[in-house]
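Subject: Structure handover

Dear colleague,

Here is the structure for your files. My notes on it come after the sequence and coordinates.

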There are 2 protein chains.
Amino acid sequence: MSAITGGAASVPRTRDRESTEAMLISAARSVLAEVGFQGLGINTVARRAGCDKQLIYRYFGGLDGLVEALGTSLSADLATALPKVGEPAATYADLMQRLARGLLAVLRNDELLQRIIVWELAEPSVLLTKLNASRSKALNSWMAAQRGDLVPPAGVDAPAVNAVIIAAVQHMAISARAKGDFAGLALETDDHWHRLQATIDDMIQQVYRPR
Amino acid sequence: MSAITGGAASVPRTRDRESTEAMLISAARSVLAEVGFQGLGINTVARRAGCDKQLIYRYFGGLDGLVEALGTSLSADLATALPKVGEPAATYADLMQRLARGLLAVLRNDELLQRIIVWELAEPSVLLTKLNASRSKALNSWMAAQRGDLVPPAGVDAPAVNAVIIAAVQHMAISARAKGDFAGLALETDDHWHRLQATIDDMIQQVYRPR
DNA sequence: GCACAATGTCACCGACCGGTGATATACAGT
DNA sequence: ACTGTATATCACCGGTCGGTGACATTGTGC
């Protein structure tokens, strides 16, 4: 008896650090994906993982460490999510078209990624910056693998153009989840997205056409 | 004396409801602009306004009402911030170019507006949706005033193109404040922005050129 | 069998949050 | 001058947060 300490009611965990860490990371993922970064706190994550928050401090040194671990586990995902190399692109425009399409497809159904991007926009920090860096690194290596020796036409500021394209894709993907539309353009069904994608394709082809 | 109640230490306010409301709205503005929506709470705003939080409940019915009031005061600002009508645009491309430039200029130095956009992306709600609506209404009426009878070239999906442009502008303006760059493109000095603006101009001209 | 570390859980702390009732104080109508 | 009301402030509540120290349980090496 001896009372006080609950006794047999609470079954302790499996006593396996690795799997516990994995559970915590997974819990952080789902919390972030479902409620966004505002709801990502020590207590919430621990509750969702079904273990004590103390373990977050012990194993990750706090929430920051946990997010960092989440980040590394995430950049691996992005690398595999981008489409595999198939036919080499014929023109630089085709190359960028592929990138835009791939990015749009990945972003559209990765709610977690959307949340993280918003997070970076909302409260920049060294931690979030690192997440961003590892993500764009993955993107760059994908580009390098696809590019071959294609070069943009002379007279076009390719880095700026590509930044514009990527910015647009990111913003619309995020807006679509948050609000269902953007600038009067409904973004709910696949048809809407195809229309948008056709437009982006067109813009890329136009700006990157030889001239 | 009866003690307890502080006594003379706290000088009550000027006892002018209008000016107090204005102070609260102004406080909400500055809090939002400086720390973002995460820090926008009853206590914070009241503290910054230098009055009691009770007044927020009395005059605005709570934080939502205050934000709503802030919103109306804000859409008025946006209307005056957009550039006045000058020479009518020669082509539809020129028209959109003007819009893009105006929007970019406004967004770049309106931190409050940037924060609100991020807010809408992070946690959509009826309130935020209303803010968005009133903002795009202001944008539309500006467009209507400028357009005259210009029409986009046949075969171009103008709404989609414009959505892409606006999305890109918004995203880059926000990213610039949050992180100082975007997709490897530094966005700190005016020169960087001019380069970006030239690119956007070019893209608009290319996609909207007659064909 | 016994010390010892690793793992897991609990109880508690101070701080802040949103929200509300009660209480002063100024002012306006009579 | 008296009363009523709008204005402003304070004190307090329950709840949640991040963070920490203490405790229980399991396994390991000797």
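The notes below cover the DNA contacts, then the domains of chain A, then the interface of the chains.

This is a predicted model, in which local features need pLDDT of at least 70 and side-chain atom pairs count only at pLDDT 80 or more, while totals for chains, interfaces and linings use all residues. Residues are numbered from 1 along each chain as its sequence is written, chains are lettered from A and ligands numbered from 1 in the order in which they are written, and side-chain values use heavy atoms, with hydrogens and water left out.

DNA strand C

There are 23 residues around DNA strand C, and the closest are Thr20(A), Arg58(A), Tyr59(A), Asn43(B) and Lys53(B). A residue counts as near a molecule or strand if one of its heavy atoms lies within 4 Å of it. Of the atoms of DNA strand C that come within 4 Å of the protein, 56% are sugar and phosphate.

Some individual contacts can be named. Asp16(A) places a backbone N or O atom 3.0 Å from a phosphate oxygen of DNA strand C. The side chain of Arg17(A) has an N or O atom 3.3 Å from a phosphate oxygen of that strand. From the other chain, a polar side-chain atom of Arg15(B) is 2.8 Å from a base oxygen of DNA strand C. Elements giving two or more residues to this surface are helix 1 (17-35) and helix 3 (54-60) of chain A, and helix 2 (42-49) and helix 3 (54-60) of chain B. Helices here are DSSP runs (H or I, at least four residues), numbered from the N terminus. By class, the surface near DNA strand C has seven nonpolar, seven polar and nine charged residues. Ala, Val, Leu, Ile, Met, Phe, Trp, Tyr, Cys and Pro count as nonpolar, Asp, Glu, Lys and Arg as charged, and the others, Gly among them, as polar.

DNA strand D

DNA strand D has 23 residues around it, of which Arg15(A), Asn43(A), Lys53(A), Arg58(B) and Tyr59(B) come nearest. Sugar or phosphate makes up 57% of the strand D atoms within 4 Å of the protein, and bases make up the rest. A phosphate oxygen of DNA strand D lies 3.0 Å from a backbone N or O atom of Asp16(B), and a phosphate oxygen of this strand lies 2.8 Å from a polar side-chain atom of Thr20(B). On the base side, a polar side-chain atom of Asp52(B) is 3.5 Å from a base nitrogen. Helix 2 (42-49) and helix 3 of chain A, with helix 1 (17-35) and helix 3 of chain B, each give two or more residues to the surface near DNA strand D.

Domains of chain A

The domain assignment, which is automatic or from a database, divides chain A into domain 1 (17-73) and domain 2 (82-207). Taken over C-alpha atoms, their centres are 29 Å apart. Contact (heavy atoms within 4.5 Å) involves twelve residues of domain 1 and eleven of domain 2. The two domains bury about 1,000 Å² between them, 76% of it on carbon and sulfur atoms; buried area is the accessible area (1.4 Å probe) that two parts lose on being put together, summed over both. On the domain 1 side, Leu32(A), Ala33(A) and Phe37(A) lose the most area, together 48% of what that side buries.

One salt bridge is counted between the domains, the term meaning a side-chain nitrogen of Lys or Arg within 4 Å of a carboxyl oxygen of Asp or Glu. Lys130(A) and Glu68(A) form a salt bridge, with their closest N and O atoms 3.1 Å apart. Helix 1 and helix 4 (63-81) of chain A each supply at least two residues to the domain 1 side, and helix 1 gives the most, with five residues.

Interface of chain A and chain B

Each chain brings 42 residues to the contact. Chain B and chain A bury about 3,600 Å² between them, with 66% of it on carbon and sulfur atoms. Leu121(B), His171(B) and Met203(B) supply 18% of the area that chain B buries, more than any other three residues. Four salt bridges are found across this interface. Arg211(B) and Asp202(A) meet in a salt bridge through their side chains, at 2.9 Å from N to O. On the chain B side, the elements giving two or more residues are helix 6 (111-122), helix 8 (158-179) and helix 9 (190-207). Helix 8 of chain B has the largest share, 17 residues. The chain B side comprises 25 nonpolar, seven polar and ten charged residues.

Regards

Notes. Polar contact = N/O pair within 3.5 Å; in protein donor to acceptor, adjacent residues only side chain to side chain.
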